[in-house]
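Please open the model in your viewer and keep the sequence beside it, so that each selection can be followed in both.

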Amino acid sequence: MSIMAMEVEGLGKDVASGDGVLTILHDISFAVGAGEAVAIVGASGSGKSTLLGLMAGLDTPSRGRVRIEGEDLSALDEDGRAALRGRSLGFVFQSFQLLPALTALENAMLPLELLGRADAPRQARRLLERVGLGQRLEHYPKHLSGGEQQRVALARAFASGPRLLLADEPTGNLDAATGAAIIDLMFEMNAEQGTTLILVTHDEALARRCGRTLRLVAGRLE
């Protein structure tokens with residue numbers, strides 16, 4: 001039996017709220033096979049970003065478990081989760097999360113440098129050229145448009161050749177044309193590298209391009 005790229009089992013998340021407890025996610029379970037493209041859709045406040053944070057091991061669940069390629073995140077400490085993310089995960093944030101003091105090239109090199117890869121500059125340059133930023137390598141984020149920053153973020157996410165890419169509203173801050181170009185790029189790179197894609201989005205056009213859509217309503221999977 002092949003190992004699933006991602007397994008989410010009975011996942012719940014509570015947060016303290018005033019004098020009580022607010023449950024953001026209720027008993028979420030699903031699995032994603034290697035190479036699949038899955039969209040997670042839902043209204044604002046439905047728990048999509050919370051779910052993605054738990055799946056990436058950036059936050060810990062109140063109940064349930066997440067397995068990445070068979071490895072249980074809850075069995076790992078902070079360093080173990082970070083190492084697993086470095087090996088297996090790419091992440092594209094809605095707000096790009098580029099480091100302002102680093103150039104486009106240095107931002108894209110970051111995950112490779114953390115892995116101690118000697119080919120970091122060459123690989124990062126290749127990916128930035130691939131996303132159409134070959135002329136912008138030495139530019140800092142403040143000198144790049146929103147679409148260009150998102151392309152740097154995409155190059156960075158794919159830099160280490162992750163087997164699993166998580167994206168949180170990857171087109172949320174972009175105009176329609178730029179958003180469409182970013183989506184095309186993501187699916188091209190997904191096809192080239194066989195990367196499993198899990199995208200949180202409110203963009204129904206993006207969701208339709210995925211093989212499967214999971215719908216969150218008030219913290220529950222429909």
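Which element of the chain has the lowest mean pLDDT, and which the highest? Colour by pLDDT, the predictor's confidence in each residue, from 0 to 100, and select helix α6 (residues 176-193), which has the lowest mean at 81, and then strand β4 (residues 63-68), which has the highest at 95. Helices (H or I, at least four residues) and strands (E, at least two) are DSSP runs, numbered from the N terminus. This is a predicted model, in which local features need pLDDT of at least 70 and side-chain atom pairs count only at 80 or more, while totals for chains, interfaces and linings use all residues. Residues are numbered from 1 along each chain as its sequence is written, and side-chain values use heavy atoms, with hydrogens and water left out.

Next, select L128, M186, F187 and L199, the residues with the most contacts inside the largest nonpolar core, which has 40 residues. Such a core is a set of buried Ala, Val, Leu, Ile, Met, Phe, Trp, Tyr and Cys residues joined through side-chain atoms within 4.5 Å, where buried means under 20% relative accessible area (1.4 Å probe, protein chains only). Helix α5 gives the most to this core, with seven residues.

Now keep L199 alone: leaving aside neighbours within four places in sequence, L199 is in contact (heavy atoms within 4.5 Å) with V38, A39, I40, A167, M186, F187, L206 and C210.

Finally, select V66, L76, L89 and L216, which are among the 27 residues of another core, lying apart from the largest one.

Technical notes:
Buried < 20%, exposed > 50% of the residue type's maximum accessible area, 1.4 Å probe, protein only.
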